[in-house]
Amino acid sequence: MKKILFLLTTLFINLVFASESKTSKIPKDQFCHFTYSIYQNCYHRGLKPGTKCGELAESIKFGKAFLDSQKEYIKNACKTGCFLGKNKFKAKTETQFVSECMATK
C-alpha cells in the first residue's frame with residue numbers, strides 16, 4: 001500500500017511540474033508501475049457484470065505529463081485488464097507486467 005501511495009504521490013508531483021514536451025517527464029519504471037495499478041483496477045472492474053471495457057478505457061483522463069504513446073499504452077493496458085477480468089482469466093503479476101512494460105519503447 002505504501003508503494004502505491006508513493007507512486008501516486010510521485011506521479012502527482014510530476015503532473016504538477018511537467019510541461020508539454022516531446023519527452024516524458026515520468027521515469028519509465030514509475031510509468032510501468034503506475035500503468036500496472038490502472039491495469040489491476042480495470043481487471044477488478046471487469047469482474048463486475050455489465051462492464052464495457054472499451055468505454056472504461058476511453059473514460060481515463062490524462063494530465064500533460066503523458067505522451068500520446070503513453071496514453072495509448074495505458075488505455076490498452078486497461079482494456080486488457082478488463083477483458084481478462086470479464087472472462088475470469090488470471091491477471092499478470094506486477095513483476096510480469098512491469099518487466100514487459102520496461103521492454104517496450
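Partly exposed means a relative accessible area between 20% and 50%; below that range a residue is buried, above it exposed. Glu 100 has 41%, so this residue is partly exposed. The model discussed here is predicted.

**Salt bridges**

A search of the whole structure finds three salt bridges. The table gives each pair with its closest N and O atoms.

| Pair | N to O distance |
|---|---|
| Glu 100 and Lys 92 | 2.4 Å |
| Glu 58 and Lys 75 | 3.3 Å |
| Lys 71 and Asp 68 | 3.9 Å |

**Glu 58 and Lys 75**

Glu 58 pairs with Lys 75 in a salt bridge. This contact links distant parts of the chain, 17 residues apart. Glu 58 belongs to helix α3 (residues 53-58), and Lys 75 to helix α4 (residues 68-86). Are the two partners buried or exposed? Glu 58 has 46% relative accessibility, so it counts as partly exposed. Lys 75 is buried because its relative accessible area is 15%, and the cut-off for buried is under 20%.

**Lys 71 and Asp 68**

Where do Lys 71 and Asp 68 lie? Both sit in helix α4, three residues apart, which is about one turn of the helix. Lys 71 is partly exposed at 24% relative accessible area. Asp 68 has 60%, so this residue is exposed.

**Glu 100 and Lys 92**

The side chains of Glu 100 and Lys 92 form a salt bridge at 2.4 Å, N to O. Glu 100 is partly exposed, at 41% relative accessible area. Lys 92 also counts as partly exposed, with 30% relative accessibility.

Key. Residues numbered from 1 in each chain as written. Predicted model: local features only at pLDDT ≥ 70, side-chain atom pairs only at ≥ 80, totals over all residues. Heavy atoms only, no water. Salt bridge = Lys/Arg side-chain N within 4 Å of Asp/Glu carboxyl O. Helix = DSSP H or I, 4+ residues; strand = E, 2+ residues; numbered from the N terminus. Buried < 20%, exposed > 50% of the residue type's maximum accessible area, 1.4 Å probe, protein only.
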